[in-house]
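Let us read a few packing features together, one turn at a time.

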Amino acid sequence: MAFFSVVIPVLNQVATLTDSLASLYQQTFRDFEVIAIDSGSTDGSYQLLEQHASKGRLRLFRQEECGAQAARNFGAEQARATWLVFFDADSILLFDHLSRFAEAIGRHADIELFVNAYQQMEGHRRLPRTASLPSGVTTRRAALAAIAQHDFIHTGAACIRRGRFLALGGFPLDSWHDDSDTHFWLKVLCELETIHYDDTVTCLWLRYTSDASQDVSEADHSRADAELLGEFSGRLAWGEAHHLRATLNRRVLARAVEKKRRGLPVRADLAALMLGGMRLQHLLQVLLLLLPLSWFKRLRNQ
């Protein structure tokens, strides 16, 4: 049985798929299986995956229009390994991505979530990284404090025990699909007492900048946020719950800024902010969002 099951959702990504798979096959740690789930590609991605499957490089499934999160969940159900690694067909893995997970698991067998650092890219240029956590075992409070500042977990740079993933129900499938992976990792951080973080970048993620890649106007995140708070606020220490609320506020404001930039109303977003998680930088963003659109754009461009 393989040590890792690497799950790859694919939908019309033939332009990047060859390079992405090559980076996976070039891992120095070799004890893994690959599970690819095609969601109805029409650009040749499925045919390319069929070629790899025929050579025994991966197990291939096809589920029409199931979406990336449903594909990941299905792949996790088909997995044979104890550890799940999620990988996207528009990302590149550095050679030591899996070996660093394996080494950390060998040292900390009781931990169920391992996270490697990632870096966003635009074209062939790496974007600056935001300072994150130090490498090593991290407490729940420290992890929640870090994610209140920025999203240090990227789905393509995380490794989770399969049993824990399935017990938590996998990635949520809902109308707020653009944020459901972050919601899941927040849930994991609230559930686990410790995680392991490695500050070495092993995953390069292609950043999309087109408006089409972000659907912020219709998604209802407030219900999901309320459910998450209701599930964990009574189980978390005061400081942990504060960091959770601050994280949710940060993400509410990030969506509100994007909506304001497009000229969409943000009143409902501001009403969803939680006083128990407000920070100075949040208040400054609120003041900016309350300005007329022309002033907002002028100050944002300074």
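**Helix packing and cores**

A: Start with a helix pair in this predicted model. The axes of helix α5 (residues 140–147) and helix α9 (residues 238–261) come within 8 Å and cross at roughly 20°.

Q: Is α5 roughly parallel or roughly perpendicular to α9?

A: Angles under 35 degrees count as roughly parallel. Therefore α5 is roughly parallel to α9. The crossing of α5 past α9 is left-handed.

Q: Which residues in α5 and α9 meet?

A: From α5 come R140, R141, L144, A145 and I147. They meet G239, E240, H243, T247 and R250 in α9. By class, this contact has 3 nonpolar, 3 polar and 4 charged residues.

Q: Which residues touch the most other members in the largest nonpolar core?

A: In soluble globular proteins, nonpolar side chains tend to be buried together. Here the largest nonpolar core has 44 residues. L113, F152, I160, W185 and L189 touch the most other members. Helix α7 (residues 180–191) gives the largest share of this core, 6 residues. Another core, of 30 residues, lies apart from it; V10, L21, L58 and I105 are among them.

Q: What does F152 touch, not counting residues up to four places away in sequence?

A: F152 touches V115, Y118, S132, L133, A143, A146, I147, L189, I195 and Y197.

Q: Is N249 buried or exposed?

A: Buried means under 20% relative accessible area. N249 has 0%, so N249 is buried. N249 is in helix α9. Leaving aside neighbours within four places in sequence, N249 is in contact with L273, M274, G277, M278 and H282.

Methods
Residues numbered from 1 in each chain as written. Predicted model: local features only at pLDDT ≥ 70, side-chain atom pairs only at ≥ 80, totals over all residues. Heavy atoms only, no water. Axes fitted to C-alpha atoms, helices over the stretch in contact; angles between N-to-C directions. Helix = DSSP H or I, 4+ residues; strand = E, 2+ residues; numbered from the N terminus. Parallel < 35°, antiparallel > 145°, perpendicular 65-115°, else oblique. Left-handed = near helix turned anticlockwise from the far one by under 90°. Contact = heavy atoms within 4.5 Å. Nonpolar A, V, L, I, M, F, W, Y, C, P; charged D, E, K, R; others polar. Core = buried A, V, L, I, M, F, W, Y, C linked by side-chain atoms within 4.5 Å. Buried < 20%, exposed > 50% of the residue type's maximum accessible area, 1.4 Å probe, protein only.
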